[in-house]
Amino acid sequence: MTLQDIIKKKFLILDGAMGTMIQRYKLTEDDYRGVVFTDCAQELKGNNECLNLTRPDIIKAIHREYINAGADIIESNTFSANSISQSEYGCADMAEKMAYEGARLAREAADQAQ
């Protein structure tokens with residue numbers, strides 16, 4: 001069944017804001033750095049895509065919260081996982097890995113919910 005077929009039969013519920021959910025965890029710079037970004041010269045706190053690599057447990061927990069709340073569709077934590085956005089943090093070389101892991105975490109959470 002295609003997405004178009006499904007939306008003809010029912011309303012689909014999307015997840016909510018990832019950034020707001022991340023803020024509830026009151027993460028520190030160390031959470032954003034982990035062991036992956038120890039050599040980065042710039043502050044990373046607020047660069048939520050780093051968490052796909054350093055705190056995947058939190059990102060996956062947020063996906064599960066939305067799924068448990070009834071979301072039919074979840075988005076990945078990849079809004080700024082591109083080389084242009086990541087260049088502001090000195091992490092452009094990690095953008096592809098951030099994007100991949102963000103998509104993988106969302107897919108994994110969705111698969112576990114089925």
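**Salt bridges**

Start with the charged side chains of this predicted model. They form nine salt bridges. Side chains of opposite charge can pair when their charged atoms come close.

Select Glu65 and Arg24. Their side chains meet in a salt bridge, at 2.8 Å from N to O. This pair links distant parts of the chain, 41 residues apart. Glu65 sits in helix H5, residues 56-68. Arg24 sits in the loop between helix H2 (18-23) and helix H3 (29-33). Are these two buried or exposed, or something in between? Glu65 has 31% relative accessibility, so Glu65 counts as partly exposed. Arg24, at 46%, also counts as partly exposed.

Next, select Arg55 and Asp31. Here the salt bridge is 2.7 Å, N to O. This pair too links distant parts of the chain, with the two positions 24 residues apart in numbering. Arg55 is in the loop between helix H4 (51-54) and H5, while Asp31 is in helix H3. Arg55 counts as partly exposed because its relative accessibility is 24%. Asp31 counts as buried, because its value is 16% and the cut-off for buried is under 20%.

Now move to helix H7. Select Asp111 and Arg107, whose side chains meet in a salt bridge of 2.7 Å, N to O. How far apart are they along the helix? They are four residues apart in H7, so about one helical turn separates them. Asp111 is partly exposed at 42% relative accessibility. Arg107 is partly exposed at 45%.

Add one more group: Lys60, Glu101, Arg104 and Glu108. Salt bridges link these residues in a network.

**Pockets**

Keep Arg107 selected. Arg107 also helps line the largest pocket. That pocket has a volume of about 260 Å³. Select the rest of its lining: Ile67, Ala71, Asp72, Ile73, Ile74, Ala106, Ala110, Ala113 and Gln114. Which helix gives the most to this lining? Helix H7 (residues 95-113) does, with four residues. Color the lining by class. Seven residues are nonpolar, one is polar and two are charged.

Then go to the second largest pocket, with a volume of about 200 Å³. Select Asp15, Gly16, Ala17, Met18 and Gly19, which are among its lining residues. Add Asn48 and Glu49. Finish with Glu75, Ser76, Asn77, Thr78 and Phe79. By class, this lining has three nonpolar, six polar and three charged residues.

**A nonpolar patch**

Return to Ile73, part of the lining of the largest pocket. Ile73 also belongs to a nonpolar surface patch. Select its partners there: Leu3, Ile7 and Leu14. The patch of these four residues covers about 360 Å². Leu3 lies in helix H1, residues 3-9.

**The whole chain**

Zoom out and switch to a cartoon view. How many helices and strands does the protein have? There are seven helices and zero strands. Along the sequence, the pattern reads α-α-α-α-α-α-α.

Show the C-alpha trace. Along its principal axes, the trace spans about 50 × 25 × 20 Å.

Last, color by accessibility. The protein has 114 residues, and 38% of them count as buried. Asp31, from the second salt bridge on this tour, counts as buried at 16% relative accessibility.

Technical notes. Residues are numbered from 1 along each chain as its sequence is written. This is a predicted model: local features need pLDDT of at least 70, side-chain atom pairs count only at pLDDT 80 or more; totals for chains, interfaces and linings use all residues. Side-chain values use heavy atoms; hydrogens and water are left out. On a 1 Å grid over the protein atoms alone, a cavity is a set of points where a 1.4 Å probe fits but cannot get out, and a pocket is an open set with protein on both sides within 12 Å along at least five of seven lines; lining residues have an atom within 4 Å of a point. Grid points are joined across faces, edges and corners, and a volume is the space filled by probe spheres set on the points. Ala, Val, Leu, Ile, Met, Phe, Trp, Tyr, Cys and Pro count as nonpolar, Asp, Glu, Lys and Arg as charged, and the others, Gly among them, as polar. Patches are made of residues with over 30% relative accessible area and no salt bridge: like charges are joined within 9 Å, nonpolar side chains (Val, Leu, Ile, Met, Phe, Trp, Tyr) within 5 Å. Accessible areas come from the Shrake-Rupley method with a 1.4 Å probe; for residues, only the protein chains shown count as cover. Buried means under 20% relative accessible area, exposed over 50%, partly exposed in between (1.4 Å probe, protein chains only).
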